[in-house]
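Please work through the exercises below with the sequence and the 3D view side by side. Each task is followed by a solution that goes step by step.

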Amino acid sequence: SRGVGVVRAEGSGDDAIVRTVRDVPAWERVLVVTADRELRRRVSELNAAVTGPRWLLDQL
């Protein structure tokens, strides 16, 4: 397991997340934490799992 990754966004944060998800090999699992409906839709189309910020806060 690679753990948590941080990606610096030079422009749109949403676009950086989508690019990052797109670049992950198909066999790796990706979890995107967001409350943004449009970002949820975009990354779900790339087969990423999506959850809301409450889940992340509960993990901390």
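**Exercise 1. In what order do the elements of the chain run from the N terminus on?**

Before the solution, note that this is a predicted model, in which local features need pLDDT of at least 70 and side-chain atom pairs count only at pLDDT 80 or more, while totals for chains, interfaces and linings use all residues. Residues are numbered from 1 along each chain as its sequence is written, and side-chain values use heavy atoms, with hydrogens and water left out.

Step 1. Helices (H or I, at least four residues) and strands (E, at least two) are DSSP runs, numbered from the N terminus.

Step 2. The chain has 3 helices and 2 strands, and, read from the N terminus, these elements follow the order α-β-α-β-α.

Step 3. With a radius of gyration of 11 Å, close to the 10 Å that the globule rule gives for 60 residues, the chain is as compact as a globular protein of that length. The radius is taken over C-alpha atoms, and the rule is 2.2 Å times the number of residues to the power 0.38.

Step 4. Taken along the principal axes, the box that the C-alpha atoms fill is roughly 30 × 25 × 20 Å.

**Exercise 2. Describe the largest pocket and its lining.**

Step 1. On a 1 Å grid over the protein atoms alone, a pocket is an open set of points where a 1.4 Å probe fits, with protein on both sides within 12 Å along at least five of seven lines, and lining residues have an atom within 4 Å of a point. Grid points are joined across faces, edges and corners, and a volume is the space filled by probe spheres set on the points.

Step 2. The volume of the largest pocket is about 950 Å³. Its lining has 23 residues, of which G3, V4, G5, V30 and L31 are the closest to the centre.

Step 3. Two or more lining residues come from each of α1 (13-23), β1 (31-33) and α3 (53-59), and the largest share, 5 residues, belongs to α1.

Step 4. By type, the lining divides into 15 nonpolar, 5 polar and 3 charged residues. Here Ala, Val, Leu, Ile, Met, Phe, Trp, Tyr, Cys and Pro count as nonpolar, Asp, Glu, Lys and Arg as charged, and the others, Gly among them, as polar.

**Exercise 3. Which residues does T34 contact, leaving aside its neighbours within four places in sequence?**

Step 1. Locate T34 in the loop between β1 and α2 (37-44), and T51 in strand β2 (residues 49-51).

Step 2. Contact means heavy atoms within 4.5 Å. With the sequence neighbours set aside, T34 is in contact with L39, R40, V50, T51, G52 and P53.

Step 3. Looking from the other side, T51 touches L31, V32, V33, T34 and R40, again without residues up to four places away in sequence.

Step 4. Buried means under 20% relative accessible area, exposed over 50%, and partly exposed in between (1.4 Å probe, protein chains only). T34 counts as buried because its relative accessible area is 10%, and T51, at 18%, is therefore buried as well.

**Exercise 4. Is R29 buried or exposed?**

Step 1. R29 is found in the loop between α1 and β1, and its relative accessible area is 84%, so R29 is exposed.

Step 2. Although R29 and A48 are 19 residues apart in sequence, their C-alpha atoms are 6.9 Å apart in space.

Step 3. V24 belongs to the loop between α1 and β1 too, but V24 counts as partly exposed, because its relative accessibility is 22%. From V24 to L46, 22 residues apart in sequence, the distance is 9.9 Å, C-alpha to C-alpha.

Step 4. R19, in helix α1, has a relative accessibility of 46%, so R19 is partly exposed.

**Exercise 5. Where does N47 lie, and what is notable about its phi?**

Step 1. N47 is placed in the loop between α2 and β2, and at 72% relative accessibility N47 counts as exposed.

Step 2. The phi of N47 is near 70 degrees, which is a positive value in a residue other than glycine.
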